[in-house]
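Subject: Structure handover

Hi,

Here is the structure I promised you. Please open it beside this email and follow along.

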Amino acid sequence: MSLDVESIRKDFPIFETQVHGKPLVYLDSASTSQKPRQVVDRIVRFYEAENANVHRGVYELSEKATAAYEGAREACARFVGARDVRSVIFTSGTTDGINLVRFTWARANLNEGDEILVTEMEHHSNLIPWQLVAQEKGATLRHLPIDDEGKLRMDLLGDYITERTKVVAVSLMSNVLGTINPVRALADAAHAVGARIVVDAAQAAPHVPIDVNELDVDFLAYSSHKMLGPTGAGALYGRLDLLEEMPPFKGGGEMINTVYPDHSTWAEVPHKFEAGTPNIAQAVGMGAAVEYLEALGMANVRAHEKDMITYGMKALSDAGATVYGPSDVEQRGGVASFNIESVHPHDMATILDQEGICIRAGHHCAQPLMRVLGVAATARASFYVYNTPDEIDALIEALDKAKGWFA
Amino acid sequence: MVRLSLEELYKEVILDHYRAPRNKGQLDPNDIALERNNPLCGDEIELFLKFDGEKLEGIAFDGKGCSISQASASMMTERVKGLPVKEAGALAETIKRMMAGEEEGDPDVLGDLVSLKGVVKYPVRIKCALLGWNTLLEALEESGRN
């Protein structure tokens, strides 16, 4: 293993708790991750020693708060390889970030007859905003299909990206299949017809190194809570020239330059998109999560998860489960959605919970994908920096027990 | 009342009906067919009702989903078949109150159904257990007889 998992686990106080008298086996990080002491302590320290509003006080405490908040922005920019810190907007999460693009860039640039390309594997957060703006603008939504292994049908790209395509919205990593999508190739194809590419990196950012320049994406949204940070924070990277042209998102304090009774001028990017008092402590916590992950090294995080998913896929298959998604671990992250014929995912999740094992069961906010897979629901185990092969063994043992009940 | 462990709940109550559901399939002819699902889980129930005056003469269900949703619907059809409509409706309301923890549930009145109370311990599964009952209440209302 490429990470010292035993020492990492000591950073996470939650692993001291028990569930139904059993040690906690947390295999639902794709839903939300646990938080290390370093992140929790950073938030506490902010509230106890630095708390003030940002960008307005002239006193020292406000300067400290502003420095903490803007320092977190620098960390979030660095984390995705953004060269200019102004191209990173703090949001409340990925959904908020994608909706920001919907309400600003998309509203200003989409017209009747234009096409929006999404994929069959999108999370609702990268589907519904596009459905809504398509309805509003009379644009057409198209869905790039997936193959039997849950990989995008890149061979069909020529039919799906056309002169009418104005935006391609795709996840970097699927929250159900674990598929890591060839975003650079999609970006090139989108740019070749003058379209923009919007990337949902909620699932990818915690698990794979990201460089927005290498990927050549126009927008990329990610969430703090899936990458060891607090809930209520996220970041949206946007290409600076696009952000500068875009109309503001929400109106209110912080996002203005000069206000007159009947009109106003806007603050510079990124503040133009950050109306109201932001989630300051959460953003600071997100910055601490970035620093924690940087210290581990994202390449090491990725290597650990490749080991985990390799082990997990084999163990689940050996236990008789159908595992969805690519078999090649180079093309998938640490997410294993699976089904066992005799045990419904919800029954399984309830039975596993009795053993202290947390997995997700359901449609994973991807109902259209469930239909493509031909299932109503799946069970899902997902792995992160603190998970061990022993926990996969515990999962398999509990699955065997569940199978026994239903035999 | 003795609390069932999860294993007892499954083995003694749920699995019998899940493996051998009663009144499963379509009912034709019927007076009402109503399909409802549990958007969070994907559990689906389609309920078929046939009335004889004010009596629920026939009932059948079709669907797919977790064992609790399907077993509870099976138990429901077994119990309400042949009941006066108003009695069936009142029973569904009683079950809902019991699952909400507002009522103990009288074993003399509810019979086997009282064991559904074992699900109350697993709050996210309550909606599974109630899918059939809620669909029944809606169907009865639609019939104008309840």
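One caution before the details: this is a predicted model. I go from the helix packing in chain A to its domains, then the sheet, then chain B.

**A helix pair in chain A**

Look at α12(A) and α14(A) first. Their crossing is right-handed. Helix α12 covers residues 345-353 of chain A, and helix α14 covers residues 389-406 of chain A. Their axes come within 10 Å and cross at roughly 120°. An angle over 115 but not over 145 degrees counts as oblique, so α12(A) is oblique to α14(A).

Which residues of α12(A) meet α14(A)? They are Met348(A), Ile351(A) and Leu352(A). On the α14(A) side, the partners are Ala398(A), Lys401(A), Ala402(A) and Trp405(A). By class, this contact has six nonpolar residues, one charged residue and no polar ones.

**Two domains in chain A**

The domain assignment splits chain A into domain 1 (5-30 + 297-406) and domain 2 (41-294). Domain 1 is therefore written as two segments, and domain 2 as one. Taken over C-alpha atoms, the centres of the two domains are 28 Å apart.

How many residues does each domain give to the contact? Domain 1 of chain A gives 25 residues, and domain 2 of chain A gives 21 residues. On the domain 1 side, three elements of chain A supply at least two residues each: α11 (298-318), β14 (335-339) and α13 (367-373). Helix α11(A) gives the most to that side, with six residues. The domain 1 side divides into 14 nonpolar, seven polar and four charged residues.

**The sheet in chain A**

Chain A also has an open sheet of seven strands. Read across, the order is β4-β10-β9-β8-β7-β5-β6. The pairing is mixed. Which strands stand at the edges? They are β4 (88-91) and β6 (140-144) of chain A. Each has a single partner strand, so one side of each is left without a neighbour in the sheet. Neighbouring strands are turned by 20° against each other on average, direction ignored.

For the edge strand β4(A), the neighbour is β10 (residues 234-238) of chain A. These two run antiparallel and are joined by four bridges. In that pairing, Val88(A) has Tyr237(A) in β10(A) as its bridge partner.

**Hairpins in chain B**

Now move to chain B. Strands β1 (residues 32-38) and β2 (residues 43-52) of chain B pair antiparallel over seven bridges. Asn38(B) is bridged to Asp43(B) in β2(B). This hairpin has four residues between the strands. Among the residues to check there is Gly42(B), with a positive phi near 85°.

Strand β2(B) also pairs with β3 (residues 55-64) of chain B. These strands run antiparallel, with nine bridges. Leu47(B) stands opposite Phe61(B) in β3(B). The hairpin of β2(B) and β3(B) has two residues between the strands. In its turn, Gly53(B) has a positive phi of about 65°.

**Where the chains meet**

Last, the contact between the chains. Chain B gives 15 residues and chain A gives 13 residues. What gives the most to the chain B side? Helix α1 (residues 6-19) of chain B does, with five residues. The chain B side has eight nonpolar, three polar and four charged residues.

Best wishes

Terms used
Residues are numbered from 1 along each chain as its sequence is written. Chains are lettered from A and ligands numbered from 1 in the order in which they are written. This is a predicted model: local features need pLDDT of at least 70, side-chain atom pairs count only at pLDDT 80 or more; totals for chains, interfaces and linings use all residues. Two residues are in contact if their C-beta atoms, placed from the backbone, lie within 7 Å. Ala, Val, Leu, Ile, Met, Phe, Trp, Tyr, Cys and Pro count as nonpolar, Asp, Glu, Lys and Arg as charged, and the others, Gly among them, as polar. Axes are lines fitted to C-alpha atoms, for helices over the stretch in contact, and angles run from 0 to 180 degrees between N-to-C directions. Angles under 35 degrees count as roughly parallel, over 145 as roughly antiparallel, 65 to 115 as roughly perpendicular and the rest as oblique. A crossing is left-handed if the near helix is turned anticlockwise from the far one by less than a right angle, and right-handed if clockwise. Two strands pair if DSSP finds at least two bridges between them.
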